[in-house]
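This report walks through selected backbone, packing and cavity features of one chain. The sequence and the coordinates come directly below.

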Amino acid sequence: MNSSQKTFLLFLIFFVFTQKAFSQTLVQEKSKDWTLSVLPLVYYTPETRWVFGVGAVSNFNLGDSISTYESQLAAGIAYSLRKQFLSYLSGRIFTPGNKNLIYGEIGWYDYVYFYFGQGMNVSQENEEVYSAKFPRVRINYAWALGSNWYLGGGLRFDAMDIYQKEESGQLEDNGILGNEGGRNSGLGPVVLFDSRDNQLYPVNGAYFEASIQGYGKALGGEFPYARIFADYRKIIPIGKNQIIATQGLTEMTFGDVPFFALPILGGNRLMRGLFEGKYREKQVVVLQAEYRYKFAPRWGITAFSGLGNAFSQENPFVLNQSKFTYGAGGRFQLNKRKRLNLRLDLAHSPGEPFQFYFTFGEAF
């Protein structure tokens with residue numbers, strides 16, 4: 001049995017024998033209008049290895065349950081075996097009658113990242129590690145237009161302090177914009193459509209988000225550029241307890257974009273099977289699809305695939321350089337009413353090592 005097989009077997013054993021532990025919360029408070037759950041955080045991704053911490057999730061309703069969607073806030077603090085520290089508060093809040101929507105994230109991170117270069121021609125031999133500390137703000141406020149449509153604005157802010165780099169590495173080259181870190185601040189309009197029946201595990205509906213942000217000194221940043229983002233997801237029921245989930249995503253940047261803000265491929269949500277950030281450039285396009293089958297009240301399986309490319313004027317789009325990913329996974333539903341899943345995925349891309357993911361929630 002090789003090391004990859006041993007690792008997968010370990011994950012499988014852990015997945016099966018800890019499902020009861022994860023289905024119980026350390027603390028749970030309930031009232032007529034809200035619930036609060038405090039639970040342990042344990043997950044694994046290739047970029048973090050094992051992560052341990054504690055989290056809290058609060059679900060509440062600011063109006064009546066018939067005319068107002070349920071709101072949710074989640075907070076957590078954790079530490080990884082790669083010596084990464086993360087703390088965050090995220091959520092979605094609907095005001096009475098769903099007239100307004102506030103969503104986003106506020107956090108502080110001390111993280112280890114990986115840099116391989118830019119474009120689709122990078123190799124594993126180019127890998128280098130850098131460490132950064134930064135606060136992060138992602139806040140969106142939108143007004144209801146009717147029929148599940150919202151229109152508003154979004155703010156994005158990072159203050160990146162890159163305090164450790166490899167000697168004689170690529171990031172020592174001053175030609176790489178942002179290699180010392182810096183403030184990155186953007187603001188712009190956002191449009192949102194969401195007809196999904198559930199945000200954590202929808203079985204029907206569609207989701208669309210598009211935004212445009214301008215970055216630069218006027219907003220307190222150091223890098224003048226523009227960012228265009230669009231994300232479309234469709235959930236298609238195909239039989240009893242079976243669905244197909246699809247996603248099309250593009251992120252386009254133009255101007256003086258720091259390397260740490262470039263759109264990327266990979267990770268536990270976008271193109272599983274690729275190491276997060278190995279492929280980055282000013283523009284990315286991604287198509288993903290996933291088959292989900294719930295064969296028991298709490299248990300399910302999935303099969304998924306993706307196709308993506310990262311390109312720019314300096315590294316033009318070449319179709320045969322696109323990366324293809326595929327994989328399969330298991331699911332255990334931690335909470336039947338909230339549909340929060342614990343997931344274990346095994347993913348691969350030709351020419352890349354196999355990757356394992358053990359975490360919470362669906363990829364998209």
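In this predicted model, Arg49 is partly exposed, with a relative accessible area of 39%, and this residue, although not a glycine, has a positive phi of about 60°. Arg49 is found in strand E3, which covers residues 49-60. Most residues other than glycine have a negative phi. Asn148, also not a glycine, has a positive phi of about 70° and is placed in the loop between E7 and E8; because its relative accessible area is 28%, and the partly exposed class lies between 20% and 50%, Asn148 counts as partly exposed. The table sets these two residues side by side.

| Residue | Phi | Relative accessible area | Place |
|---|---|---|---|
| Arg49 | about 60° | 39% | strand E3 (residues 49-60) |
| Asn148 | about 70° | 28% | loop between E7 and E8 |

A positive phi near 60° is also taken by Arg339, in the hairpin of E17 and E18, where four residues lie between the strands. Strand E17 (residues 323-335) pairs with strand E16 (residues 299-311) in the antiparallel sense over ten bridges, and within this pairing Ser305 stands opposite Tyr326 in E17. E17 is joined to strand E18 (residues 340-348) by nine bridges, again with the strands running antiparallel, and here Arg331 has Arg343 of E18 as its bridge partner.

Arg331 is also one of the residues that line the largest cavity, together with others including Tyr201, Arg292, Lys294, Ile301, Phe332 and Asn341. The volume of this cavity is about 80 Å³, and the count of cavities of 30 Å³ or more comes to one. Strand E15 (283-294), E16 and E17 each supply at least two residues of the lining, whose members divide into four nonpolar, four polar and four charged.

Which residues touch the most other members of the largest nonpolar core? Among the 22 residues of that core, they are Leu86, Tyr130, Ile162, Phe259 and Phe260. Strand E6 (100-115), strand E7 (128-146) and strand E8 (149-164) are the elements that give two or more residues to this core. Leaving aside residues up to four places away in sequence, Tyr130 touches a set that includes Tyr111, Tyr113, Phe114, Ile162, Leu171, Phe259 and Phe260, as well as Gln164 and Lys165. Another core, of 15 residues, lies apart from this one, and among its members are Phe229, Leu274, Val284 and Ala310.

Key. Residues are numbered from 1 along each chain as its sequence is written. This is a predicted model: local features need pLDDT of at least 70, side-chain atom pairs count only at pLDDT 80 or more; totals for chains, interfaces and linings use all residues. Side-chain values use heavy atoms; hydrogens and water are left out. Two strands pair if DSSP finds at least two bridges between them. A nonpolar core is a set of buried Ala, Val, Leu, Ile, Met, Phe, Trp, Tyr and Cys residues joined through side-chain atoms within 4.5 Å. Buried means under 20% relative accessible area, exposed over 50%, partly exposed in between (1.4 Å probe, protein chains only). Contact means heavy atoms within 4.5 Å. On a 1 Å grid over the protein atoms alone, a cavity is a set of points where a 1.4 Å probe fits but cannot get out, and a pocket is an open set with protein on both sides within 12 Å along at least five of seven lines; lining residues have an atom within 4 Å of a point. Grid points are joined across faces, edges and corners, and a volume is the space filled by probe spheres set on the points. Ala, Val, Leu, Ile, Met, Phe, Trp, Tyr, Cys and Pro count as nonpolar, Asp, Glu, Lys and Arg as charged, and the others, Gly among them, as polar.
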